[in-house]
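Opening the notebook on a new model today. I want to see how the strands are arranged, what packs on them, and where the nonpolar side chains gather.

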Amino acid sequence: MQDFYKNLKSIKSLEEITNEALYEKLPLSWYVFLCDIKDSTFLIKQGKYKEINMIAALSIIGVLNINKQLDLPFVFGGDGSYVFVPSLIFEQTKEVFLQTKIKAKEAYDIELRVGYISIEELYKQNQKLLITKMQISQEYFQAIINGGALEYLDRLLKEDKLSIPFKNSFKYIADFSGLECRWENIPSPKHRVLTLLIKSFKDDQNTYKRVLKSIDYLVGSKEQRAPIIKENIVLSFNPKVLKKEALLFSKNYIQQLLQIFKYIFFNFLGKYLMQNGNKRWKEYKTRVVNSVDTEKFDDILRMVISLNNKEYKALLDYLEQEYQNKKIVYGTFSSNSSLMTCLIFERHGKHIHFVDGDMGGYAMASKEFKQRQAKSLSWK
């Protein structure tokens, strides 16, 4: 059963998320681990939106590094994550999530909630969790989740009902290597970057199909609304930007300075190679663009898109009309750029690039989403 996700058939596009026949149930012997950053809205006001993304990504890379032969599904939510694992690595995953919690506090003074539940127990609680996957690049298949269980788990985590007991010592030392954050904020190819959350009211799957078609019509195809283009990706040489990564891997000031100088050196080298190196290096930015997770579905349609002001107004008018007609609940957040957090398994091989809107895109869109969702509770 440990190869369940590896052997799962994949879908080709988000339009297929409405077909439940393409999903499967997770094995009873698997577990779902999740984390969520406490008071993320307050932290965003303090300017810690990049740190929030780093912690969410840290929990994922730490688990993926336990056994690199396993293919595991996961969800990056900006200010939290879900990771699904077989019993084979259950104990190590518990320790990775606890060590992520410690890193969050030590490096950024961020409180991280961590928890888990077995899939068997989740089903006993009459929760529905279905999974498929969508191919993003040659090496990266994105998990697609349906059924409504993730929202239920998020609520239990915040109510402190899924917590992992804290430990002071660990049998397994987490390997967080591969997490990188060495790009400047990426400006929108158009006027804006819009972070968008959409949930069908009453989980009507046909609504998603209609909404996706409307977004295509109002904003353009996935390629036309892409927030990341290779011309806008620039390596950072700003010590303040690079320090955010250094804080995770260096405990004292001198070590952090050395890490920052190392990142600057490698960025200069990378810039030179991307301009003057071999074919693989010259195509590096193309590989990055082809490995981003800008559009996904995990019980909620999550998108980070670029659009001009006219498209922005038309899309918001459409979403509000759908909301007033009691078809969807939605949340949005507009900024001028995107943030990218990278998982690099092989420099010229497997990449995964998590994208969020600048200034706390997903977390801020979620705040607006929850406000509309609370109003929708009175709907009949």
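**Sheet and core**

Started with a strand pair in this predicted model: β3 (residues 31-37) runs antiparallel to β5 (residues 80-85), and I get six bridges between them. I looked up one of those residues, leucine 34, and its bridge partner in β5 is tyrosine 82.

Next I went over the helices that pack here. Helix α2 (residues 49-64) sits on the sheet and touches β3, β4, β5 and β6. Its direction makes about 10° with that of β5. Helix α3 (residues 90-108) packs on the sheet too, touching β3, β5 and β6. For α3 I noted an angle of about 165° to the direction of β6.

Then the whole sheet. In what order do the four strands come? I read β4-β5-β3-β6, an open sheet with antiparallel pairing. β4 (74-76) and β6 (112-118) are at the edges with a single partner strand each, so one side of each has no neighbour in the sheet. Ignoring direction, neighbouring strands are turned by 10° against each other on average.

On to the nonpolar side chains. Which residues touch the most other members of the largest core? They are Leu153 and Leu315, out of 126 residues. Helix α2 turns up again: it gives this core its largest share, ten residues.

I followed leucine 315 a bit further. Leaving aside neighbours within four places in sequence, leucine 315 contacts Leu194, Leu196, Ile215, Leu218, Val219, Ile305 and Leu307. Apart from the largest core I found another one, of five residues, including Ala246, Ile260, Tyr263 and Ile264.

Definitions and conventions. Residues numbered from 1 in each chain as written. Predicted model: local features only at pLDDT ≥ 70, side-chain atom pairs only at ≥ 80, totals over all residues. Heavy atoms only, no water. Pairing = 2+ DSSP bridges. Helix = DSSP H or I, 4+ residues; strand = E, 2+ residues; numbered from the N terminus. Axes fitted to C-alpha atoms, helices over the stretch in contact; angles between N-to-C directions. Contact = heavy atoms within 4.5 Å. Core = buried A, V, L, I, M, F, W, Y, C linked by side-chain atoms within 4.5 Å. Buried < 20%, exposed > 50% of the residue type's maximum accessible area, 1.4 Å probe, protein only.
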